[in-house]
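Hi,

Here is the structure we talked about, with my notes underneath. Have a look at it first, then read on.

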Amino acid sequence: MVSCVTSPIASPITATNCFPHHGYIWNYGALPQTWEDPNHTDKDTQCKGDSDPLDVCEIGYKVCKRGDVVQVKVLGVMAMIDEGETDWKIIAIDVTDPLANEMNDIEDVNEHMPGFLQATHEWFKIYKIPDGKPANKFAFNGEAKNKKFATDVIAKTHQQWQALVSKTVECGNLSCENVGVAGSPYLIPQQDASAEVDKATPPAAALPIPPEVDKWHYVKNVE
């Protein structure tokens, strides 16, 4: 079991609607304490990391709010290649979901949610096309790998995160300051972190949602 944090892009109104998929088809978040090292070439994708945490597609029935922390059961992973960078997509389910006890590995998704993995592959393949970008590519011909493979990816990217916060590797333009990683050269006092938060501009009132968020895009057959 691991926990994921639903990201600011988890709202279903923020993705292009590529028919027949309206918005996001899962809760989209990230695994804390993971990092895809942009200086490391993955042996399976032959591409370097995208310098982000691992993305998570949580496939349960609940629609999470932005910033929710959700305990999930890892089921598998897809190896997307996004503009030449490795961008793993962990497939997981909320441990409180009614199907969680029935889901233990990737083949259980096909058993209990037939067509969902194919829809996920298609979603990631075509979602940038309306913005004028090419279709995304995948290692393993788009096949979702099993739980063991996924947990190995998580362990590997956790090690890369540990190297990042311990300053074993360069952080580039990433901010690695933290209040809870013992021994990290970036460790700062809690009061300093709170002072930075207090200096931030208060959130403004939400803008009206433009009607264009419901616009459909129709993508022709993509090789």
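The largest pocket comes out at about 310 Å³. Keep in mind that this is a predicted model. Lining that pocket are 18 residues, and Thr34, Pro53, Trp161, Leu164 and Ser175 are the ones nearest its centre. Helix H3, residues 147-165, gives the largest share of the lining, with three residues.

There is closed-off space too: I get two cavities of 30 Å³ or more. The largest cavity has a volume of about 70 Å³. Its lining includes Glu36, Asp37, His40 and Asp42, along with Lys48, Thr86, Trp88 and Lys156. Strand S4 (48-49), S7 and H3 each put at least two residues into the lining of the largest cavity, and H3 gives the most, with three.

Now the strands. What does S6 pair with? It pairs with S7 in the antiparallel sense, over ten bridges; in that pairing, Met80 of S6 has Asp87 in S7 as its bridge partner. The two strands make a hairpin with two residues between them, and Glu83 in the turn has a positive phi of about 50 degrees. S6 also runs antiparallel to strand S8 (residues 137-138), joined to it by two bridges, with Ile81 partnered by Lys137 in S8. Twelve of the 14 residues of S6 are buried, so this strand is largely enclosed by the rest of the structure.

Strand S5 (residues 55-58) is worth a click as well. Asp55 and Cys57 sit on one side and Val56 and Glu58 on the other, and all of them are buried, so to speak of its faces, both are covered. S5 pairs with strand S3 (residues 27-30) in the antiparallel sense over four bridges, and Gly29 stands opposite Val56 there. With S7 (residues 85-94), S5 pairs in the parallel sense, again over four bridges; Cys57 has Ile91 in S7 as its bridge partner.

You will probably want to know about the cysteines. How many disulfides does the structure hold? Zero. Cys18 is in no disulfide, and the nearest cysteine sulfur, on Cys57, is 15 Å away. Is Cys18 buried or exposed? Its relative accessibility is 3%, so it counts as buried. Cys64 has a relative accessible area of 15%, and because the cut-off for buried is under 20%, it is buried too.

Last, the packing. In soluble globular proteins, nonpolar side chains tend to be buried together. The largest nonpolar core here has 23 residues, and those touching the most other members are Trp26, Ile59, Met103, Val109, Leu117, Trp123 and Phe124. Strand S6 (69-82), S7, helix H1 (106-112) and helix H2 (116-126) each supply at least two residues of this core, and H2 gives the largest share, four residues. Ile59 is a good place to start looking: leaving aside its neighbours within four places in sequence, Ile59 is in contact with Trp26, Leu75, Ile91, Ala92, Ile93, Met103, Val109, Met113 and Phe116. Another core, of 17 residues, lies apart from this one, and its members include Val74, Val77, Ile90 and Val153.

Cheers

Terms used. Residues are numbered from 1 along each chain as its sequence is written. This is a predicted model: local features need pLDDT of at least 70, side-chain atom pairs count only at pLDDT 80 or more; totals for chains, interfaces and linings use all residues. Side-chain values use heavy atoms; hydrogens and water are left out. Buried means under 20% relative accessible area, exposed over 50%, partly exposed in between (1.4 Å probe, protein chains only). Two strands pair if DSSP finds at least two bridges between them. A disulfide is a pair of cysteine sulfur atoms within 2.5 Å. A nonpolar core is a set of buried Ala, Val, Leu, Ile, Met, Phe, Trp, Tyr and Cys residues joined through side-chain atoms within 4.5 Å. Contact means heavy atoms within 4.5 Å. On a 1 Å grid over the protein atoms alone, a cavity is a set of points where a 1.4 Å probe fits but cannot get out, and a pocket is an open set with protein on both sides within 12 Å along at least five of seven lines; lining residues have an atom within 4 Å of a point. Grid points are joined across faces, edges and corners, and a volume is the space filled by probe spheres set on the points.
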